[in-house]
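Colleague: Take me through this fold, please. Keep the answers short.

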Amino acid sequence: MIRAHRPDGTAEIIPASDQRTSLDSTFLWLDLVNPDRAEEQLAERLLGIPLPTREDLKDIEPSSRLYVENDVVFMTASLVYKVETDLPEITDVAFILSGNRLVTIRYAEPRSFSLFSTALMRVPGRYKTAEEMLARLIETIADRTAEVLEIAVARVDALSTEVFVDRKTAKRRRPRFLEDKLLDIASHHRLVSKARDSLVSLSRLVTFLRSLSIIRKDKEADELCRIVARDIQSLSEHAGFVSNNITFLLDASLGLINVEQNAIIKIFSIASVVFLPPTLVASIYGMNFQFMPELHWQFGYAAAMVAMLLSAIIPFLFFRWKGWL
């Protein structure tokens, strides 16, 4: 789909069968969403420039993601999306400055684009140049990434509250509760990791953008890029802090699992030691020797039971005194 946006917020869908050979100068932003080959050819004819394919966007070489060719600026950034799901993903988006027109090519639906298009309608005529529009779009993407980190922080805080509870509540937890929470921790770590990858990609793009003469000449766009670069740096530091918190939560959860397992093993160990002396007494009087004087005692059975009971109580009291129980 090809969506052409005007500065006043209005947009027009250009079908692949369109026969026009050039675009109206009022279109400042051309957004290609999941374009097929026919739509790519139409966009190339309207713009008069070759466009990167989906395979080109996947290239990780800096020289292939950020370059200028025939006064046309080609940039590719990796953006996080599907943040509301358990499996957030990264998608590559192309940003192209050709004359006074911004072109974006994407094969996913990051929410930042819908937020930006909505903002165009709220403040019509706000942007006069493609450079300023690009800077505002990148600013919206950075703001959306900040929201993603806030979502991750809220999820981690909620999970931390569930994991670190008082002892009475911990005793009532269902079996394998902590093991299941490890999957949630992995999901949160994936989200923050994807957000950090996106921030690194945006940082490279903004640094490259600020080095261009067309940006330096546009004071508004240059100032926006400077502010966005500072915001991205702050967000990267915050993402690192959140990542460290997730790592701590993971280590703590694994530690609690080990504590619970050790407590179970300790119970079995103490039970074995407590019941060992009574077993010894019962084994002695269960031997089939012909001469055993205790077998003829009137109170032999009661004496054996008392001996077994005392041999179990004494170790139990000793463990309590030592604080092992």
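**Buried ends, bridges and cores**

Colleague: Does Arg136 count as buried or exposed?

Modeller: Buried means under 20% relative accessible area, exposed over 50%, and partly exposed in between (1.4 Å probe, protein chains only). Arg136 has 14% relative accessibility, so it counts as buried.

Colleague: What kind of model is this?

Modeller: Residues are numbered from 1 along each chain as its sequence is written, and side-chain values use heavy atoms, with hydrogens and water left out. Local features need pLDDT of at least 70, side-chain atom pairs count only at pLDDT 80 or more, and totals for chains, interfaces and linings use all residues, for this is a predicted model.

Colleague: Which residue forms a salt bridge with Arg136?

Modeller: A salt bridge is a side-chain nitrogen of Lys or Arg within 4 Å of a carboxyl oxygen of Asp or Glu. In this pair the closest N and O atoms are 3.5 Å apart. The partner of Arg136 is Glu220.

Colleague: How many residues apart in sequence are the parts that Arg136 and Glu220 tie together?

Modeller: Arg136 lies in helix α5 (residues 130-163), and Glu220 in helix α9. Helices (H or I, at least four residues) and strands (E, at least two) are DSSP runs, numbered from the N terminus. The pair therefore ties together parts whose separation in sequence is 84 residues.

Colleague: How does Glu220 count at 38% relative accessibility?

Modeller: Its partner Arg136 is buried. Glu220, at 38% relative accessibility, counts as partly exposed.

Colleague: How far apart are the N and O of Glu40 and Arg37?

Modeller: Both residues lie in helix α1 (residues 37-47), three residues apart, about one turn of the helix. Glu40 is buried at 11% relative accessibility, while Arg37 is partly exposed at 45%. Their side chains meet in a salt bridge, with an N to O distance of 3.0 Å.

Colleague: Which residue forms a salt bridge with Arg3?

Modeller: The closest N and O atoms of the pair are 3.8 Å apart. The pair links distant parts of the chain, 28 residues apart: Arg3 is in strand β1 (residues 2-5) and its partner is in strand β3 (residues 29-33). Arg3 is partly exposed, with a relative accessible area of 23%. The partner, buried at 1% relative accessibility, is Asp31.

Colleague: How many residues of strand β5 are buried?

Modeller: Both faces of β5 are covered. Val72 and Phe74 are among the buried residues on one side, and Val73 and Met75 among those on the other. In a regular strand the side chains alternate between the two faces of the sheet. In β5 (residues 72-81), the buried residues number ten of ten.

Colleague: How many bridges join β5 to strand β6?

Modeller: Two strands pair if DSSP finds at least two bridges between them. Strand β4 (residues 66-69) pairs with β5 in the antiparallel sense over four bridges. Strand β6 (residues 89-97) also runs antiparallel to β5, and the bridges joining these two number nine.

Colleague: What phi does Asn70 have?

Modeller: Asn70 is found in the loop between β4 and β5. At 69% relative accessibility it counts as exposed. Most residues other than glycine have a negative phi, and most peptide bonds are trans. Asn70 is not a glycine, yet its phi is positive, about 55°.

Colleague: Which helix gives the most to the largest nonpolar core?

Modeller: A nonpolar core is a set of buried Ala, Val, Leu, Ile, Met, Phe, Trp, Tyr and Cys residues joined through side-chain atoms within 4.5 Å. The largest core has 56 residues, and Met75, Leu134 and Ile138 are among those with the most contacts inside it. β5, β6, α4 (111-122), α5, α7 (177-210) and α9 each supply at least two residues. The element that gives the most, with 15 residues, is α5.

Colleague: What is the area of the nonpolar surface patch that includes Leu280?

Modeller: Patches are made of residues with over 30% relative accessible area and no salt bridge: like charges are joined within 9 Å, nonpolar side chains (Val, Leu, Ile, Met, Phe, Trp, Tyr) within 5 Å. Leu280 sits in helix α9 (residues 219-284) and counts as exposed at 54% relative accessibility. Areas come from the Shrake-Rupley method with a 1.4 Å probe, and for residues only the protein chains shown count as cover. Together with Ile284, Tyr285, Met287 and Phe289, Leu280 makes a patch of about 480 Å².
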